[in-house]
Amino acid sequence: MSTLWLCSLLFGSVGFIVWCTARWRMNPFLVLFLTALLLGLISGMPLDKIVETLKDGFGETMKKIGLVIILGTVLGVLLERSGATLRMANFILGLVGEKRAPAALSITGFLVGLPIFCDSGFIILNGLKQSLVKRTTFGMPLMTLCLATSLYGVHCLVPPHPGIAAAGATLGADLGMVMLLGIVISIPLTVLGYFWALRFGTKIVDDSVPKEEENPVDPGPLPSSWRAFFPVLLPIFLIGLKSVAFLGVAPDAEKSAWLKMLSLIGDPVIALLCAIGLAVILLSTHKSQKSIQKWFGEGVEKAGPILAIIAGGGTFGAMLKAADLSGALAESIASWQLGLFFPFLLAMVLKTAQGSSTVAVITAATIVAPALSSLGLDNEWGRVLAVLSLGAGSMVVSHANDAYFWVISTFSNLRSDVMFKLYTPVTALMGVAAQLIIWVLSLVF
């Protein structure tokens with residue numbers, strides 16, 4: 001198939017999703033599922049493979065993030081109904097003031113995102129974000145952009161996140177240097193996301209987000225600040241501890257008992273389960289067991305529609321991958337002599353076509369590795385820059401086939417057309433800005 005036809009399939013399918021969800025307000029899961037089915041039929045895929053791909057895409061998404069979403073949603077409901085998120089919001093606003101709430105959320109997202117996947121970090125901090133929206137004059141789109149962009153930048157550029165770490169290992173780059181420069185580059189990206197949110201986050205009024213709850217729940221006496229924050233900080237600490245402990249440890253290396261234990265408790269599922277247990281212990285001192293059990297049920301019920309939409313995004317991404325759009329588009333630019341911009345463009349194509357930043361950067365790294373010499377990057381500094389360029393490319397762009405896109409949309413109750421207007425463009429801007437910084441570093445040093 002020609003590159004033009006492949007690009008038409010990619011952008012046509014995305015345009016169809018936007019049209020159906022924004023113009024006709026169709027259910028996102030239904031639209032994503034139907035788009036994936038139509039894409040498979042139009043691309044000429046065998047019928048039995050289409051069905052298999054739809055099932056695999058749904059199942060793989062649930063395998064990766066399903067339990068995290070359920071447990072994260074339950075934790076969020078527990079913290080919200082007990083008044084913990086309100087206490088956290090009051091504490092933060094007392095420190096920074098209401099006018100600085102968006103900046104405080106961006107900084108929080110940046111710090112939390114260093115050791116934690118962007119989707120897990122967003123779910124964990126979502127309750128805090130919701131409370132800040134209720135307690136301040138800032139709207140949901142603005143605050144969502146502040147949190148989402150700050151988590152996204154470090155996820156793509158900073159080890160020990162798996163994509164950039166694996167790319168560093170594939171290219172033989174110094175992971176310590178990649179981490180240091182990745183953090184440095186992520187700082188202006190976080191600032192960029194913050195100012196983008198201030199500039200455009202107030203321009204769109206999303207009518208899917210109610211300003212006030214129809215039946216607000218009175219949490220009663222609020223828990224103390226340490227009781228409120230501890231269940232949120234615990235999973236961040238456990239996941240971060242695992243990430244730091246496994247730096248420099250080969251995936252197939254023999255692991256000690258301590259590393260095995262850290263691997264267990266640092267898994268997002270187990271870390272969130274520990275946080276839920278801690279939340280029950282800390283919050284049950286002034287709440288009845290009946291109330292807590294009711295909140296558990298609310299959390300599970302709330303997670304259902306979220307899971308469906310995110311799994312729908314997984315089926316769409318799997319179909320794009322099965323149709324080999326990313327592979328064919330990557331081959332079309334493989335012969336271009338672009339130096340440091342080649343790994344960026346390659347990762348960008350893979351990310352845009354199949355949705356996962358981690359898969360994009362790992363796949364692109366295997367293609368770039370044997371070409372380092374011809375690209376003029378076959379030295380210690382060049383390898384570091386090549387890895388960072390891969391990370392920058394893996395930001396461009398986040399749209400309907402990216403699970404993180406739907407995590408942001410569903411947990412913030414933002415329509416998909418709002419996400420395409422506000423969030424997708426800033427992911428492109430952040431990736432290009434990161435690559436320009438990397439290019440300037442290559443000229444200076």
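Is Glu80 buried, partly exposed or exposed? In this predicted model, Glu80 comes out as partly exposed, with a relative accessibility of 27%. Its side chain doesn't sit there on its own: Glu80 and Lys134 form a salt bridge, with 3.5 Å from N to O. Glu80 belongs to helix H3 (residues 47-81) and Lys134 to helix H6 (residues 118-135), so the pair ties together parts that are 54 residues apart in sequence. Lys134, for its part, is exposed, at a relative accessible area of 51%.

That pair is one of five salt bridges that turn up when the whole structure is searched. Another of them links the side chains of Arg383 and Asp378, at 2.4 Å from N to O. Both ends have some access to the outside: Arg383 is partly exposed at 22% relative accessible area, and Asp378 is partly exposed too, at 44%. A further salt bridge joins Asp417 and Arg415, with an N to O distance of 3.0 Å. Here the setting is a buried one, for Asp417 and Arg415 alike.

Asp417 brings the story to a pair of helices. Helix H18 covers residues 403-412 and helix H19 covers residues 416-444; they pack at an angle of about 115 degrees, and their axes are 10 Å apart. The crossing of H18 past H19 is right-handed. On the H18 side, the residues that take part are Tyr404, Phe405, Trp406, Ile408 and Ser409, and they meet Ser416, Met419, Phe420, Tyr423 and Thr424 of H19. Sorted by type, the residues of this contact come to seven nonpolar and three polar, with no charged ones.

Between these two helices runs a loop, and Asn413 has its place there. What is the phi of Asn413 like? The angle is near 55 degrees, which is positive even though the residue is not a glycine. Most residues other than glycine have a negative phi, so a positive one stands out. Asn413 is also partly exposed, at 39% relative accessible area.

The loop on the other side of H18, between helix H17 (380-393) and H18, holds Ser398. How accessible is Ser398? Its relative accessibility is 0%, so Ser398 counts as buried. The side chain of Ser398 makes a polar contact of 2.7 Å with that of Asp402. Leaving aside residues up to four places away in sequence, Ser398 touches Tyr152, Lys351, Phe405, Tyr423, Thr424 and Thr427. Some of these names have come up already: Phe405 of H18, and Tyr423 and Thr424 of H19, also take part in the contact of the two helices.

Val397 lies in this loop between H17 and H18 as well. The peptide bond that leads from Val396 to Val397 is cis, with omega near -15 degrees. Most peptide bonds are trans, so a cis one is worth a look.

Elsewhere in the model, Ser225 is found in helix H10, which spans residues 225-245. At 24% relative accessibility, Ser225 is partly exposed. Not counting residues up to four places away in sequence, Ser225 touches Arg87 and Phe91. Ser225 and Gly339 are 114 residues apart along the chain, and 52 Å separates their C-alpha atoms.

Conventions:
Residues numbered from 1 in each chain as written. Predicted model: local features only at pLDDT ≥ 70, side-chain atom pairs only at ≥ 80, totals over all residues. Heavy atoms only, no water. Salt bridge = Lys/Arg side-chain N within 4 Å of Asp/Glu carboxyl O. Helix = DSSP H or I, 4+ residues; strand = E, 2+ residues; numbered from the N terminus. Buried < 20%, exposed > 50% of the residue type's maximum accessible area, 1.4 Å probe, protein only. Axes fitted to C-alpha atoms, helices over the stretch in contact; angles between N-to-C directions. Left-handed = near helix turned anticlockwise from the far one by under 90°. Contact = heavy atoms within 4.5 Å. Nonpolar A, V, L, I, M, F, W, Y, C, P; charged D, E, K, R; others polar. Polar contact = N/O pair within 3.5 Å; in protein donor to acceptor, adjacent residues only side chain to side chain.
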